[in-house]
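Got a minute to look at a protein chain together? Let's ask how each label is earned, one step at a time.

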Amino acid sequence: MKSQRPIASDDEHRVLQFRPRTTPSPVIHRGGGIVQPLRAAAPEPLDLSRYEQPRDEPDDFRHRMLANIAALAFTIALTAIGIWLAVSIADLRRTQDCVLMGRRDCVKITTPHL
């Protein structure tokens with residue numbers, strides 16, 4: 001089977017020279033009109049102050065901290081309940097597998113220390 005390669009002409013391949021953006025670009029003439037180069041806007045500060053909006057009332061930091069503490073406590077409680085549930089299900093599965101194998105000593109019996 002022959003390998004088919006497209007016939008490339010010299011018109012298809014061009015090397016473009018890229019100039020750095022720091023130098024001002026010249027005015028480009030295209031067709032009948034003139035394309036003006038883009039002018040760089042004044043550099044904006046890199047902080048988030050441009051997204052701030054004026055507020056009617058000041059922030060209540062005490063309320064915010066209490067809400068954060070409540071959310072943290074809820075998250076910790078939810079995580080603890082999830083871990084307890086996973087351990088309980090694993091223990092129940094282990095006991096059920098033991099019973100289904102026909103063994104009789106599956107349940108752990110705890111005895112008080114004297």
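Q: What places Asp91 and Arg94 about one turn of the helix apart?
A: Both residues sit in helix H1, and they are three residues apart, which comes to about one turn of the helix. Keep in mind that this is a predicted model.

Q: Why is the contact between Asp91 and Arg94 called a salt bridge?
A: Their side chains meet at 3.2 Å, N to O. The cut-off is 4 Å between a side-chain nitrogen of Lys or Arg and a carboxyl oxygen of Asp or Glu, so the label fits.

Q: Why does Arg94 count as exposed, and why does Asp91 count as partly exposed?
A: Exposed means over 50% relative accessible area. Arg94 has 52%, so Arg94 counts as exposed. Asp91 has 37%, so Asp91 lands in the partly exposed range, which runs between 20% and 50%.

Q: How many salt bridges turn up in a search of the whole structure?
A: Four. Among them is the pair Arg64 and Asp59, with 3.3 Å from N to O. Arg64 has 40% relative accessibility, so Arg64 is partly exposed, and Asp59 is partly exposed too, at 33%.

Q: What makes Arg103 and Asp105 a salt bridge?
A: Their N to O distance is 3.7 Å. That passes because the cut-off is within 4 Å. Asp105 is exposed at 56%, while Arg103, at 47%, is partly exposed.

Q: Which residues do shared salt-bridge partners join into one network?
A: Arg55, Asp59 and Arg64.

Q: How do you know that Cys98 and Cys106 form a disulfide?
A: Their sulfur atoms are 2.1 Å apart, and the cut-off is within 2.5 Å, so the pair qualifies. A disulfide is a covalent bond between the sulfur atoms of two cysteines. The search of the whole structure finds one disulfide.

Q: Why is the disulfide of Cys98 and Cys106 called left-handed?
A: Look at the torsion about the S-S bond: it is about -80 degrees, so the disulfide is left-handed.

Q: Are Cys98 and Cys106 buried or exposed?
A: Both are buried. Buried means under 20% relative accessible area, and just 2% of the 114 residues of the chain count as buried.

Q: What is the span of helix H1, and what is it set against?
A: Helix H1 covers residues 61-100, which is 40 residues. From first C-alpha to last, H1 reaches 58 Å, close to the 58 Å expected at 1.5 Å a residue. After H1 comes Gly102, with a positive phi near 95 degrees.

Q: Which residues does UniProt list for "transmembrane region"?
A: Its unreviewed entry lists residues 65-87. In the model, that stretch is 100% helix and 0% strand, with its end C-alpha atoms 33 Å apart.

Q: Which residues make a nonpolar surface patch?
A: Ile81, Trp84, Leu85 and Ile89, with about 450 Å². A patch residue needs over 30% relative accessible area. Leu85, which is in helix H1, has 43%, so Leu85 counts as partly exposed and clears that bar.

Q: Why does Lys108 count as exposed?
A: Lys108 has 74% relative accessibility, so Lys108 counts as exposed, given a cut-off of over 50%. You'll find Lys108 in the segment after H1. Lys108 and Thr95 are 13 residues apart in sequence and 9.3 Å apart in space, C-alpha to C-alpha.

Conventions: Residues are numbered from 1 along each chain as its sequence is written. This is a predicted model: local features need pLDDT of at least 70, side-chain atom pairs count only at pLDDT 80 or more; totals for chains, interfaces and linings use all residues. Side-chain values use heavy atoms; hydrogens and water are left out. Buried means under 20% relative accessible area, exposed over 50%, partly exposed in between (1.4 Å probe, protein chains only). UniProt positions are given in the numbering used here, feature names are shortened, and annotations may be inferred rather than shown by experiment. Helices (H or I, at least four residues) and strands (E, at least two) are DSSP runs, numbered from the N terminus. The expected span of a helix is 1.5 Å times one less than its number of residues. Patches are made of residues with over 30% relative accessible area and no salt bridge: like charges are joined within 9 Å, nonpolar side chains (Val, Leu, Ile, Met, Phe, Trp, Tyr) within 5 Å. Accessible areas come from the Shrake-Rupley method with a 1.4 Å probe; for residues, only the protein chains shown count as cover.
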